Amino acid sequence: MSSNTDVLFQKVTLFIEGVEVPYSAISISQAIGNVPSASLELPPSPGLMDIVRYYQPKVHIFYEDPVLGKDRLLFWGHIIGNSYSASVQSASINFQCVHKSDLLNHVTLDFSGYPSGSYTNWSPNDSMFKPNSFGSTHSLVLALRGIDGVRTEANTENAISISNPNVLNVDHALLDPKFSSVKERWVGMPSAMMNMWNQLKSSAYHLSQYNTILVAMYIPLIEDGLKFFDRVSGHNLIEDAVNAGKQSICDDTGNKTDASKPVMIPPAYRLHSMTATQASLSVEAIQGMLEFTGNKTGFFRLFHEFFMSSEYEVVTLASPASVPKDPKKTSVQNDDDLMAIETVIKPQLPFYYSPVCNIVLPNMYSSVQVSQNEANIPSRVSLVHSAVPGQEAQVGLHYRGPHSIRESVLTGLMIKGLYKPTETPDPKVINGVKFAPATPAEANATVVDTPSNGILPSLHESTGASYNIPGKYELGGGFKPKQVIAPSWLAYLVKRCNESIASGTVKTEEHPDEDSDWGKITKDLHDGWMFMHGRKNGKSDPAKELLDPNFKGSGVAAFQRILFAAADYDYTKEVLSSKTGSISGIFNPYIIPGYPMDIVAKSPNLPSFHALCASVTHSITADSINTSVAFVSAATYSELSNYELMPSHPWLQTSLQLYNVNRDSSGSVTSVMSTILNNPKAKAKADEFYRSVLGVGSAAPSDLINFQTMEVYTQKRVNGVLAPGTKSATYSDNGGSDSDDTTGIGNLKLIHRAVETRESIEKTFNYKFIDLVEENYTNESLNYLDPRLNPDVDEGVPLEPGASLFLDYPETIDFLKSNNIQVI
Amino acid sequence: MADTTLTTNIGYPRPGETGVRTSLIPAGLAKKISDTSMADECFVNQRFSSRLQAFLIGYNNSIYSEYSVYL
């Protein structure tokens with residue numbers, strides 16, 4: 001269909017149970033937090049609605065790739081419902097479909113207490129499986145060990161199988177040999193999911209005769225039928241670091257235990273110091289979160305909850321990425337070395353660089369609308385969390401953002417006379433100027449102005465009352481406070497740190513050693529902070545360094561640095577949440593919800609946007625096809641260049657090399673790059689971050705638009721990333737343009753990514769799809785007299801409830817025997 | 001497909017003509033359709049059901065036949 005005129009015909013084919021069928025309309029939807037779904041509209045026929053009864057027919061939708069050619073996957077799922085509608089003008093049957101990964105939620109887990117009866121009725125809630133220890137601290141510690149290696153076939157004592165009598169005590173950190181071809185993908189946090197799965201399996205196989213449904217049906221379905229675990233990946237740039245940073249867990253007394261079995265620390269829990277305390281915190285926080293998943297939950301939902309509690313998320317791609325199995329490779333010689341990535345487990349990064357496939361170039365959309373609701377944007381935030389009883393005040397009332405609010409609170413302390421310069425020695429002495437709390441009498445009697453040298457009390461004191469002092473920028477925009485629900489893990493972190501400090505069992509260091517890696521990073525963060533914020537009336541003001549959480553003299557503990565940074569990051573999220581919008585444009589199978597996106601304007605007179613892609617819908621009819629995209633947290637490119645907007649969680653800034661401080665020969669800071677604009681080191685990391693999972697690099701707004709003129713840069717594509725091209729308006733004899741910048745198809749060429757092919761699916765799943773083509777539907781035909789469809793030939797015996805018209809059923813006892821289930 | 005009957009037919013019958021509901025399998029597709037419609041194969045191993053495939057092939061024939069309201 002490739003055309004340089006943008007007069008396109010897009011082939012899209014629909015297969016039900018491997019048979020191509022005609023359709024009048026298809027709609028495919030993908031949204032953050034959900035598996036993809038589809039709606040199919042077919043010509044009606046008697047009996048067509050019955051195909052859904054007691055069965056879930058498989059649905060594959062393919063599109064012919066406009067750039068790379070070949071039929072590629074647009075949706076894979078199964079039918080879960082239907083409807084019929086008819087009027088004078090039309091009639092149709094509509095099928096509702098959901099992605100195949102939704103079958104994982106059939107595996108329901110019951111966490112409630114054991115009944116007093118026997119094993120045979122140990123699941124009073126009718127869930128599929130009752131784990132004997134899943135969700136406990138021990139199982140979480142095990143899960144955070146992730147995967148240490150691949151089990152060899154000879155290592156039968158660690159085999160998770162029915163035939164292993166010691167199956168309950170196997171090493172869950174070993175990958176089953178059947179997944180060895182994708183072993184590089186099972187590192188870091190995604191491998192915690194595999195470890196959990198291994199735990200669940202060994203627990204089920206231990207008493208296989210009581211877990212028949214899971215053992216004989218769902219484990220094979222998930223592992224072999226759906227090949228779910230062959231099609232999962234994390235972003236290796238981060239996950240390799242997480243894997244390398246495993247720590248021994250602390251016991252209750254703060255001592256490290258079991259050094260041979262260290263656990264992963266999710267990036268969200270990494271403090272500015274590396275101690276085993278973090279591992280203990282991680283486990284406690286995740287366990288705390290999982291306690292809120294309820295007594296009964298689906299397995300896929302449990303994964304979601306687990307990763308959400310670690311500031312991760314699970315993204316299901318309707319069009320899986322086709323990439324090398326080895327994440328370090330960018331190309332392969334043999335297609336057998338490719339894999340399809342359908343499920344991505346990724347850290348939440350809503351404001352990071354967009355992957356190239358999520359760039360919407362000017363010729364790709366026909367309409368855009370963006371709205372901004374400024375009324376609800378707070379002028380200040382304070383962290384609060386209600387999930388931990390008794391901790392609301394600790395988290396909710398003290399940690400404020402942005403920085404200007406913390407400064408105003410400290411100013412308030414001075415104005416109210418609660419602190420005063422003094423010569424009396426006091427632990428709160430800072431930077432050679434001694435402060436002491438004023439006595440109540442002094443506070444009431446004296447209004448002490450800000451000291452002439454401008455030095456304020458320790459930043460730690462900003463976590464007290466606000467004293468009703470306006471922030472500097474509230475003077476122009478008004479006072480709009482907002483309590484923000486902090487991530488649950490922050491509440492647990494504060495709770496644990498405070499308890500540990502109070503009991504003296506765990507020492508929370510205040511500042512990393514200057515010679516350590518974290519010490520150097522912290523110095524960069526501090527110098528960068530001073531370069532950007534250490535000013536008063538436009539001039540450098542060294543005294544403001546006390547307001548930087550990364551400054552040694554600020555008097556804040558390591559965990560408090562995270563809290564201050566989290567408050568600032570939350571403020572960025574609040575600000576960006578004001579702009580939402582949508583676009584509609586040409587069919588675009590490449591864009592993925594859950595990742596950032598850029599919408600590039602054609603003219604310098606129009607705004608361009610950086611946003612988070614929230615949902616994607618492909619609408620296909622007999623005479624039209626388009627893709628509409630909804631986005632949230634949008635920022636105009638002018639906002640990006642004018643404001644300091646934190647592009648990532650503070651805890652990922654370092655791993656992603658987002659914070660770069662340039663210095664002159666004397667060590668003085670000359671520039672600070674902390675955003676996604678003009679930050680080459682961060683951009684290079686982002687390319688690496690995306691390439692191993694999506695097969696494309698990243699795109700920086702400053703590489704798409706010339707921020708001096710706001711004109712679109714001419715682009716060319718090199719190794720999956722966009723690079724400056726040469727403007728060349730070449731026109732063909734047919735009136736089309738061969739310049740990728742000037743046509744929709746050209747734009748798609750620039751941003752395309754490789755999607756799993758139909759050939760690959762046929763080979764991997766041993767499928768034969770039956771096309772709706774003339775050579776298949778020859779005039780010579782065979783009558784298929786199906787007794788189930790023909791009561792005359794089936795002796796008039798009706799089907800029992802539960803039986804599909806289209807399946808043959810083995811006797812249950814035969815099925816169990818064929819699966820080596822011990823029949824009691 | 002063990003319990004089905006295949007008979008050669010030239011041309012398309014009118015729906016309902018034979019008094020029984022049949023599915024038409026073009027001769028060229030007889031070897032392409034799945035070799036099972038066992039429930040566990042089709043659900044656990046995610047194989048295609050030959051019965052359902054046969055029905056859908058018949059559906060296609062019906063939709064594209066000269067008797068279809070869509071022509």
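Which residue of E16(A) stands opposite Thr316(A)? I kept that one for point 2; here are my notes on this predicted model, in the order I would look through it.

1. Confidence. Please keep in mind that the model is predicted. The average pLDDT of chain A is 81, and 78% of its residues score at least 70. Two stretches deserve some care: pLDDT stays under 50 over residues 391-397 of chain A, where the model has 21 contacts beyond four places in sequence. The value also stays under 50 over residues 422-435 of chain A, with 30 such contacts. Where pLDDT is low, the coordinates should not be read in detail.

2. A three-stranded sheet. In chain A, 3 strands make an open sheet with mixed pairing, in the order E11-E16-E15. Strands E11 (232-234) and E15 (312-324) of chain A are at the edges with a single partner strand each, so one side of each has no neighbour in the sheet. From one strand to the next, the twist averages 35°. E15(A) pairs with strand E16 (residues 338-347) of chain A in the antiparallel sense, over 9 bridges. Back to my opening question: the residue of E16(A) opposite Thr316(A) is Thr343(A). Helix H6 (residues 299-308) of chain A packs on this sheet, where it touches E15 and E16 of chain A. The direction of H6 makes about 105° with that of E15(A).

3. The largest nonpolar core. This core has 189 residues, and those that touch the most other members are Ile61(A), Val360(A) and Cys613(A). Helix H13 (residues 558-576) of chain A provides the largest share, 11 residues. Both domain 1 (104-347) and domain 2 (376-513 + 568-574) of chain A give residues to the core, so it lies between them. For a closer look, try Val360(A): leaving aside neighbours within four places in sequence, its contacts are Tyr365(A), Ile583(A), Gly585(A), Met597(A), Asp598(A), Ile599(A) and Val600(A).

4. An exposed loop residue. Asp623(A) sits in the loop between strand E29 (609-621) and strand E30 (625-636) of chain A. Why does Asp623(A) count as exposed? Because just 4 other C-beta atoms lie within 10 Å of its own, and the cut-off for exposed is 12 or fewer. The C-alpha atoms of Asp623(A) and Ala25(A) are 9.5 Å apart, although 598 residues separate the two along the chain.

5. Backbone geometry to check. Most residues other than glycine have a negative phi, and most peptide bonds are trans. Here a cis peptide bond joins Gly401(A) and Pro402(A), with omega about 0°. Pro402(A) belongs to the loop between strand E21 (400-401) and helix H8 (403-415) of chain A. Gln657(A), which is not a glycine, has a positive phi of about 50°. Gln657(A) lies in the loop between helix H15 (650-653) and strand E31 (660-663) of chain A, and is partly exposed, with 17 other C-beta atoms within 10 Å. Asn678(A), also not a glycine, has a positive phi of about 45°. This residue is in the loop between strand E32 (669-673) and helix H16 (680-694) of chain A. Asn678(A) counts as partly exposed, with 15 C-beta neighbours inside 10 Å.

6. Chain B. The chain has 2 helices and 2 strands, and its pattern along the sequence is β-β-α-α. Of the 71 residues in chain B, 41% are buried. Among contacts in chain B with a separation of 6 or more, 44% join residues 24 or more positions apart.

How values were computed
Residues are numbered from 1 along each chain as its sequence is written. Chains are lettered from A and ligands numbered from 1 in the order in which they are written. This is a predicted model: local features need pLDDT of at least 70, side-chain atom pairs count only at pLDDT 80 or more; totals for chains, interfaces and linings use all residues. A nonpolar core is a set of buried Ala, Val, Leu, Ile, Met, Phe, Trp, Tyr and Cys residues joined through C-beta atoms within 7 Å. A residue is buried if 20 or more other C-beta atoms lie within 10 Å of its own, exposed if 12 or fewer, and partly exposed in between; C-beta atoms are placed from the backbone. Helices (H or I, at least four residues) and strands (E, at least two) are DSSP runs, numbered from the N terminus. Domain bounds come from an automatic or database domain assignment. Two residues are in contact if their C-beta atoms, placed from the backbone, lie within 7 Å. Two strands pair if DSSP finds at least two bridges between them. Axes are lines fitted to C-alpha atoms, for helices over the stretch in contact, and angles run from 0 to 180 degrees between N-to-C directions. pLDDT is the predictor's confidence in each residue, from 0 to 100.
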